[in-house]
Amino acid sequence: MADFTELDFYDLSSLFSEDDIMVRDMVRSYCTAKLMPIVADEWEAGTFPMPVIGEMGELGLLGPCVAEQYGGAGMTGTQYGLICQEIERVDSGLRSFNSVQGSLVMYPVEAFGSEEQKMEWLPKLASGEVVGCFGLTEPDFGSDPAGMRSTCRKDGDDWILNGQKMWITNSSMSQMGIFWAMDEAGVCQGFIVDMSLPGVSAPEQKHKWSLRCSVTGEMICQDVRVPESSRLPNTQHMKSPLSCLTQARYGIAWGAVGAMQACFDEALRYTQERKIYNKPLAGFQLTADKLAEMATEITKAQFLVWRLGQMKDNGTMLPKHVSMAKRNNVSKALEMAHTCRTLLGANGITLEYQAGRHMCNLETVLTYEGTHEIHTLILGHQLSGVAPYGDR
Amino acid sequence: MDIYVCIKRVADTSEVDIEIDRTGLALTEDDFSYDINEWDNFAVEAALQLKEEHGGKVTALTVGIEDDEEVLRRALAMGCDEALHLSDPCFEGSDAWGIAQILSAALKGKPLDLLLFGTVSADEGAGQTGGFVAGLLDLPMVSLATSLKVNGSIATVSHEVEGGLERVRELDLPAVVTVQTGINEPRYVSIRGIRKVSGIEIPVSGVGDLGLDPNQVGASGARVKLEELFLPPQGQSAQMLEGSDDEIIDKLLDLLQENGGL
């Protein structure tokens, strides 16, 4: 299903700048021509399409908001959002690769790194020569990362890193990773870790039925010795890794719109063409109800991220704003993928159609980068002023 | 090399239901998205590849309204060095001859080695402009190019002819070549390219700047006029093939074989 028509019911395109539209259209045509034809097979095989790394690097899609002097494209937040939207129209796993490289690896290097670190790593990450990963989540600490068990201990001029990170996107195909660990004073520190160092391992998580085009694994550091120059010098305890997550969640809120669009467009075409009782499926009230609901949810989701993009670009975006958009858009996208799967009938369970693949992928997206429930708690906290979390 | 490439912004009609507007002479374009004419995109790529091989400069030109500037910006983001927007209210309604006069007036006196066009535009389907401009500028021309090479002051161009034959022609530069789709693989516009051209002012030339008589161009100067635009009635013999892709291919092959199509 290479054909695609975006639903733009309220002519939202007219609110974007000419450059925004040019970026969106470029990424859309790349995704349609290069990613769409291969994605179902890669997903079925459970493999990541390696040529995509270089292609995205060449097009400037890796860390597009990073400053130009470090190899980035200096794009706006809105443009970054549109990139995520277009990539996730193809597959959440491919967007995950892009989000991790840009928001979780390049962002902290640029935001918290030394000038030497930025010059050394950012151009290689932007071109795709180097792939990175982000080690924060641990087997027992996902929603509650401050409880992490990973440690960093000063030893002369070096640091000794220990810990096990889990559910790490890109881990086994990365050449470098950002490893977060608590120092002896209980302060969270970030390190740029060369994945080939002795003591570093990254076993891959197999048997996933979600994000099958994306590599997921562990990042284990066992008495890994790194120099002080590997430490990100400008971090501020947990605020720093959490601010990376805000960047990634921002992209996810946009990406979910892409997944919705893909599922909706496919289901709409199918229901217009497929006839039962000599009448298109779309001509039945039960279908009309589903199409109307989905079109409305897409339009609402588009407005959320459009405004969120404006707020990011004018510096007024706060984590709570990202929480609302991520929470809403991903859960609606998941519901929509399921609804579309039902509209496709039996066809919907095959990989010839996209809805089932998006549905499986979005189960992960609902849970990672702040579970749906955690974002609910964040919003509750922000609205009432009373923290609905457990005690630490 | 000084290469000029003439491009056009056209409506993408592939994904919308086509409707004729009330005049009966134009499409209702509310739902259309617009992009560079497909053939022209290949012409831009051909120009950029020649520049990369031989050095020089590529300039993109278009004739059209304010919104048409978008394709020039896109060409700049792809790697063109300069752009020129030929825009004037009195250009509206020009036929291919009128467009050719506007382009020729803009190109006259410019140092020019090669002038490229897409073979045809998706909206008009006439394929005349390149030929008219070659005539007006008194330049040799080859159309329907499927490959294009330059060696010194000679261009070598292959083009398709009936029966699957390919002809190779040599022509002295400066020259005009209209290119076919498939001559190359057009590059994607990179994000960095878009960023680079963001905010660039693209110069605009109107009828006065070009020294043209307003009556020569636009609707008043058009000698070919559109009489009617309509969607042909659906044929009775149309047959919809159903099944999986493989089944449809098999059925199609059988049908073609049965009816002498192969």
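How many residues does the contact take from chain A and how many from chain B? The contact takes 26 residues from chain A and 15 residues from chain B. The structure described here is a predicted model, and every value in this report is computed from that model.

## The interface of chain A and chain B

Between them, chain A and chain B bury about 1,700 Å², and 56% of this area lies on carbon and sulfur atoms. Across this interface there are three salt bridges. One salt bridge joins the side chains of Arg195(B) and Glu68(A), with a distance of 3.2 Å from N to O. In addition, nine residue pairs are in polar contact between chain A and chain B.

On the side of chain A that touches chain B, the elements that give two or more residues are α1 and α2 (51-59) of chain A. The largest share of that side, nine residues, comes from α1(A). Sorted by class, the side of chain A that touches chain B has 12 nonpolar, seven polar and seven charged residues.

## The domains of chain A

Chain A itself is divided into three parts: domain 1 (12-127), domain 2 (132-230) and domain 3 (239-384). The C-alpha centres of domain 1 of chain A and domain 2 of chain A are 23 Å apart. Their contact takes 27 residues from domain 1 of chain A and 18 residues from domain 2 of chain A.

Domain 1 of chain A and domain 2 of chain A bury about 1,800 Å² between them, with 72% of it on carbon and sulfur atoms. How many salt bridges are counted between domain 1 of chain A and domain 2 of chain A? The count is zero. There are, however, five residue pairs in polar contact between domain 1 of chain A and domain 2 of chain A.

Three helices of chain A, namely α1 (18-45), α4 (92-112) and α5 (115-127), each supply at least two residues of the side of domain 1 that touches domain 2. Of the elements on this side of domain 1 of chain A, α4(A) gives the most, with 12 residues. The residues of the side of domain 1 of chain A that touches domain 2 of chain A divide into 17 nonpolar, seven polar and three charged.

## Salt bridges

Side chains of opposite charge can pair when their charged atoms come close. Over all chains, a search of the whole structure finds 30 salt bridges. The table gives some of these pairs.

| Residue pair | Closest N to O distance |
|---|---|
| Glu204(A) and Lys206(A) | 3.8 Å |
| Asp265(A) and Arg269(A) | 3.1 Å |
| Lys51(B) and Asp81(B) | 3.2 Å |

The salt bridge of Lys51(B) with Asp81(B) links distant parts of the chain, as the two residues are 30 residues apart. Lys51(B) belongs to helix α1 (residues 38-54) of chain B, whereas Asp81(B) is in the loop between α2 (69-78) and β5 (82-86) of chain B. Is Lys51(B) buried or exposed? Lys51(B) counts as buried because its relative accessibility is 17%, which is under the limit of 20%. Its partner Asp81(B) counts as partly exposed because its relative accessibility is 36%.

By contrast with that pair, Asp265(A) and Arg269(A) both lie in helix α6 (residues 239-273) of chain A. They are four residues apart, about one turn of the helix. Asp265(A) and Arg269(A) are both buried. As for Glu204(A), the partner of Lys206(A), this residue counts as partly exposed at 36% relative accessibility.

Salt bridges may also join into a network. In chain A, such a network links Glu6(A), Arg24(A), Asp25(A), Arg28(A), Glu86(A) and Arg89(A).

## A buried residue in helix α6

Thr271(A) also lies in helix α6 of chain A. Its relative accessible area is 0%, so Thr271(A) is buried. What does the side chain of Thr271(A) reach at 3.0 Å? The side chain of Thr271(A) reaches the backbone oxygen of Leu268(A). When neighbours within four places in sequence are left aside, Thr271(A) is in contact with Pro280(A), Leu281(A), Ala282(A), Thr287(A), Leu291(A) and Leu343(A).

Key. Residues numbered from 1 in each chain as written. Chains lettered and ligands numbered in written order. Predicted model: local features only at pLDDT ≥ 70, side-chain atom pairs only at ≥ 80, totals over all residues. Heavy atoms only, no water. Salt bridge = Lys/Arg side-chain N within 4 Å of Asp/Glu carboxyl O. Buried < 20%, exposed > 50% of the residue type's maximum accessible area, 1.4 Å probe, protein only. Domains from an automatic or database assignment. Contact = heavy atoms within 4.5 Å. Buried area = accessible area lost by both parts, 1.4 Å probe. Polar contact = N/O pair within 3.5 Å; in protein donor to acceptor, adjacent residues only side chain to side chain. Nonpolar A, V, L, I, M, F, W, Y, C, P; charged D, E, K, R; others polar.
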